[in-house]
Amino acid sequence: MELPGGRSGVVQVAYLVSDVRSAALRHSEAFGSGPFFVADHIPLQSVSHRGGPAVFDHSSAYGQWGPVMVELVALHAARPASLASAARVGDTGIHHVARFVADLDTEASRLVAAGYGQVLLARTASGLRFAFHDGGRLGHLLEIYEPAPGLTAFYDRVASAADGWDGSAPLRPM
């Protein structure tokens, strides 16, 4: 499926880390990724887990790694316990891969029917909805969201910052 901006397939790979800033510096040094835009305790308007209210407090650093955005995620709190377990609070490694989808509800239903249960449905402070689905044997979550103008502009901003980047100022505020 080709979506706005020529994006299709996986648009982001996210790793669980204990500290987004130190992880971003290590990732940048090892792989040349970046620069990284850092957001602490990202505010969410709403969060639900299996149809009930939930908490998902996280910080992230977003950088470009070749053609794909890399997100480094520190999970500060996730409740209830079943969400914390599904989100792998306190773990490290790949947390999720993200895809743009034409319609979040339609794709969420398709994933559920295929055996990839929804773990989290949330809305950001700007109103963007996103969902995590259990990736099962993949070993990580699947994130889906619609390519809203603000989100695609953010992806473009991160990619543009990496274009010709000389490695200076690897950490930047959102």
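Begin with the whole chain in view: its 174 residues would give a compact globule a radius of gyration near 16 Å, and the chain has 15 Å, which agrees; the radius is taken over C-alpha atoms, and the globule rule is 2.2 Å times the number of residues to the power 0.38. This is a predicted model, in which local features need pLDDT of at least 70 and side-chain atom pairs count only at pLDDT 80 or more, while totals for chains, interfaces and linings use all residues. Residues are numbered from 1 along each chain as its sequence is written, and side-chain values use heavy atoms, with hydrogens and water left out.

Still at the level of the chain, the C-alpha atoms fill a box of roughly 45 × 35 × 30 Å along the principal axes. Colouring by secondary structure shows four helices and eleven strands, where helices (H or I, at least four residues) and strands (E, at least two) are DSSP runs numbered from the N terminus. Of the 174 residues, 45% count as buried, where buried means under 20% relative accessible area, exposed over 50%, and partly exposed in between (1.4 Å probe, protein chains only). Among contacts (heavy atoms within 4.5 Å) between residues at least 6 apart in sequence, 63% join residues at least 24 apart.

Next, select histidine 58, which lies in strand 5 (residues 55-65). Is this residue buried or exposed? Histidine 58 counts as buried, because its relative accessibility is 6%. If its neighbours within four places in sequence are left aside, histidine 58 is in contact with Asp40, His41, Ile42, Leu44, Val73, Ala74, Leu75 and His76.

Then turn to two cis peptide bonds. The bond from glycine 34 to proline 35 is cis, with omega near -5°, and proline 35 has its place in the loop between helix 1 (20-31) and strand 2 (36-39). The bond from arginine 79 to proline 80 is also cis, with omega near 10°; proline 80 is in the loop between strand 6 (68-79) and helix 2 (81-87).

Finally, select two arginines for their backbone angles. Arginine 50, in the loop between strand 3 (44-49) and strand 4 (52-53), has a positive phi of about 50° although it is not a glycine, and with a relative accessible area of 63% this arginine 50 is exposed. Arginine 88, for its part, lies in the loop between helix 2 and strand 7 (93-100), and its phi is near 65°, a positive value in a residue other than glycine.
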